[in-house]
Amino acid sequence: MTLFLQVLANGLVLGGLYACIAAGFSLVWGVLNVINILHGSFIVLGAYVAYFAYVALGIHPFVSVVLAGGVLFVLGYLLQTGVINRVVGAPVLTTLILTFGLDLLLNNAMLVAFKADYRKINLANPLGVVDLGGVFLPLDRVAAMALALLLTGGLYWLLNASRVGRAIVAVRMDREAALLMGVDVPRIYAVTFGLGAVMAGAAGSLLALIFPISPLAGTLYLGKAFVVCVLGGLGSVTGAIVGGLALGVVESFSALVFGPEHALTVSFALLVMLLVVRPTGIVGRRGYE
Amino acid sequence: MAVATLAAVVVALPFVAGNYLIRLASFAMMYSVLALSWNFIGGLAGYPSFATAAFFGLGAYAGAIAQGHDVPIVLAWLAAGALAAIFAGGLGLALLHLRGHYFAIASLVVGEVLREIANTSTQLTGGGMGLNLPILRLGVTAQARLFYFVLAGLAALTLAASLLVDRHRLGVGLRAIQQNEDAASMVGIDATRYKTIAFVLSAAFVGAAGAAYASWVNYIEPADVFDVLLSVKPIVMVLLGGAGTMLGPVVGAMVFLALEELVWRNFLTIHAGLLGLIIVALIFFLPRGLLALDVRLLALNVRRRFARGRPA
């Protein structure tokens, strides 16, 4: 029983982070209809910002979330206005190949700048591990998960309560109608892309605490984001949360049952099966919340 | 005739050029096969398939495992192509009802799943340690020439299939499906059947090419033959040359490989970034590919020259 609970706890902690990774990806996909292959590299960039902030200035990664978010919002906004905005209406292939090309560029830039060595943040004052009746919970990870869910919740609040957020939802629902209502659609696209980048950077900053950082890790996170989006349902924050937690738990249990080396295969096989059977995901429907 | 001179060049190349050029040309032929195959499902039918890597890797491993069990080499290649075709048929049943982004992702992920399966099935595929293939007892130059002709032959076969499909009702049907699938259905085109045939065609030659590649390099591993770039590069080549045209994929493959080799030789540390830059520039400046550009420029130049030659 304790093993079951431990595996479940591990899965949920991981799942919270996955939700944060996927929320931004899902937002961009849902609103701009662009699959942002750069998302993985954004996450890695966020992780690097957190790493260097900690090593050089001693800033705790939880605080770097804001820093990483800021840097990436600027990058995402500029990228969208400069490059991606020109192909927003284009067919799937064009946008996919374009973001793939941009990702190659960003990835190479990071490789040249930071080298491929794996870095890890080793906190000088770790929060330690708490023992809840046999279930061990590393507090740093739990805090990271809580913060990730908080950020995702913040995105949800932003989309529901602020003018910009409602404009984004409007553009998602019906672009022409939003134009008629006076929404500056190109600016909303840029803001959305920037927001997606912020979520990625923030997630990266949190992930820096748990996983080793390297430009080579970007594709892994992108793959996870894909699976979460399809699992939970595209275009909603609730979907990202549900999908993230579900994937975390599924991965945790499949590592127990099939062995950790098959965890990746299981999540991808799950993705393919879902795409065939229920592409809209668990919570998916048209419209964005 | 232009075709005859081209054919002569292709046949004569390995006897006049050094081993380096033969190797480059062999890669050009291989990528032509991949690009032409992708054109069936992506250029004609308009379904953005990223499954090329999956078919290539499947063919490579099928050929390698067959050769490991003493199957004659040519039979191994044919069997690999057949296996890839059958796999595509089955996969098509599952995936071809998806459209747009979902189809793209699903086809991409199939390659990833196959790669992970190859990675973990150590008994069958050697897992992460890779698989060795028997080396042919020929000299280096003779072997280089042999594989050049094999890949060139495969490319010629794929081109022939392309031209056949283009003139046949299948080509018309696929183009109709790309423009408006529902309308094509209503007009009486069996969309599911045509799409599946296109998908199978996009796999058969790629599978055989994978097996030939395995025999050529004598060592394969999952990360190498299931590389996502094997899916992306043919698409970029076709976009470069002109999607939906018959010679576009070949032109695109040649130009892209020439660019890539130049970049790789001169800017090793940043070659991936430069590749990305080329891709971005391609999307912006050549949206319909080189062949579309050529014709317009050519027409303009001809008209200009003709106008100047006229008496005042």
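The exercises below, each with a worked solution, concern a predicted model.

**Exercise 1. The contact between the chains**

Determine how many residues each chain gives to the contact, and describe the side of chain A that touches chain B.

Solution. Begin with the totals: chain A supplies 31 residues to the contact, and chain B supplies 32 residues. Next, assign the side of chain A that touches chain B to secondary structure, where the elements giving two or more residues are α4 (92–114), α9 (218–232) and α11 (263–277) of chain A. Of the elements on this side, α4(A) gives the most, with 15 residues. Finally, sort the residues of the side of chain A that touches chain B by type, which yields 22 nonpolar, seven polar and two charged.

**Exercise 2. Two packed helices in chain A**

Classify the packing of helix α6 against helix α8 in chain A, and list the residues that make the contact.

Solution. Two quantities describe a pair of packed helices, namely the angle between their axes and the distance between the axes. For α6 (residues 163–173) and α8 (residues 185–207) of chain A, the angle is about 105° and the axes are 10 Å apart. Angles of 65 to 115 degrees count as roughly perpendicular, and α6(A) and α8(A) are therefore roughly perpendicular to each other. The contact is made on the α6(A) side by Val164(A), Ala167(A), Ile168(A) and Val171(A), and on the α8(A) side by Val185(A), Ile188(A), Val191(A) and Thr192(A). Dividing the residues of this contact by type gives seven nonpolar, one polar and no charged.

**Exercise 3. The largest nonpolar core**

Find which residues have the most contacts inside the largest nonpolar core, and which helix gives the largest share of this core.

Solution. The core has 205 residues, and those with the most contacts inside it are Leu17(A), Cys20(A), Ala203(A) and Leu206(A), together with Ala84(B), Ala209(B) and Ala212(B). The largest share of this core is that of helix α10 (residues 191–217) of chain B, from which 17 residues come. To look at one of the residues named, take Ala209(B): once neighbours within four places in sequence are left aside, Ala209(B) is in contact with Met30(B), Val33(B), Leu34(B), Phe56(B), Gly59(B) and Leu154(B).

**Exercise 4. A hairpin in chain A**

Establish how strands β1 and β2 of chain A run relative to each other, and locate the residue of their hairpin that takes a positive phi.

Solution. Strand β1 (residues 129–132) and strand β2 (residues 135–138) of chain A are joined by four bridges and run antiparallel. Following the pairing residue by residue, Val130(A) has Leu137(A) as its bridge partner in β2(A), while Leu132(A) stands opposite Val135(A). Two residues lie between the strands of this hairpin, and Gly133(A) takes a positive phi near 60°.

**Exercise 5. Positive phi outside glycine**

For Asn33(A) and Asp70(B), state the value of phi and decide whether each residue is buried, partly exposed or exposed.

Solution. Asn33(A), a residue other than glycine, has a positive phi near 55°, and its place is the loop between α1 (2–32) and α2 (39–57) of chain A. Asn33(A) counts as partly exposed because 17 C-beta neighbours lie inside 10 Å. Asp70(B), also a residue other than glycine, has a positive phi near 65°, and it belongs to the loop between α3 (52–68) and α4 (73–95) of chain B. With 8 C-beta neighbours inside 10 Å, Asp70(B) counts as exposed, since the limit for an exposed residue is 12 or fewer.

**Exercise 6. Burial in three helices of chain B**

Decide from the C-beta counts whether Gly111(B), Leu291(B) and Leu163(B) are buried or partly exposed.

Solution. The threshold for a buried residue is 20 or more other C-beta atoms within 10 Å. Gly111(B), in helix α5 (residues 100–120) of chain B, has 25 such atoms and is therefore buried. Among the residues in contact with Gly111(B), beyond four places in sequence, are Ala51(B), Gly57(B) and Phe226(B). Leu291(B), in helix α15 (residues 289–309) of chain B, has 20 other C-beta atoms within 10 Å and is therefore buried. The C-alpha atoms of Leu291(B) and Gly252(B) are separated by 8.9 Å, although 39 residues lie along the chain from one to the other. Leu163(B), in helix α7 (residues 140–167) of chain B, has 13 C-beta neighbours inside 10 Å and therefore counts as partly exposed.

How values were computed: Residues are numbered from 1 along each chain as its sequence is written. Chains are lettered from A and ligands numbered from 1 in the order in which they are written. This is a predicted model: local features need pLDDT of at least 70, side-chain atom pairs count only at pLDDT 80 or more; totals for chains, interfaces and linings use all residues. Two residues are in contact if their C-beta atoms, placed from the backbone, lie within 7 Å. Ala, Val, Leu, Ile, Met, Phe, Trp, Tyr, Cys and Pro count as nonpolar, Asp, Glu, Lys and Arg as charged, and the others, Gly among them, as polar. Axes are lines fitted to C-alpha atoms, for helices over the stretch in contact, and angles run from 0 to 180 degrees between N-to-C directions. Angles under 35 degrees count as roughly parallel, over 145 as roughly antiparallel, 65 to 115 as roughly perpendicular and the rest as oblique. A nonpolar core is a set of buried Ala, Val, Leu, Ile, Met, Phe, Trp, Tyr and Cys residues joined through C-beta atoms within 7 Å. Two strands pair if DSSP finds at least two bridges between them.
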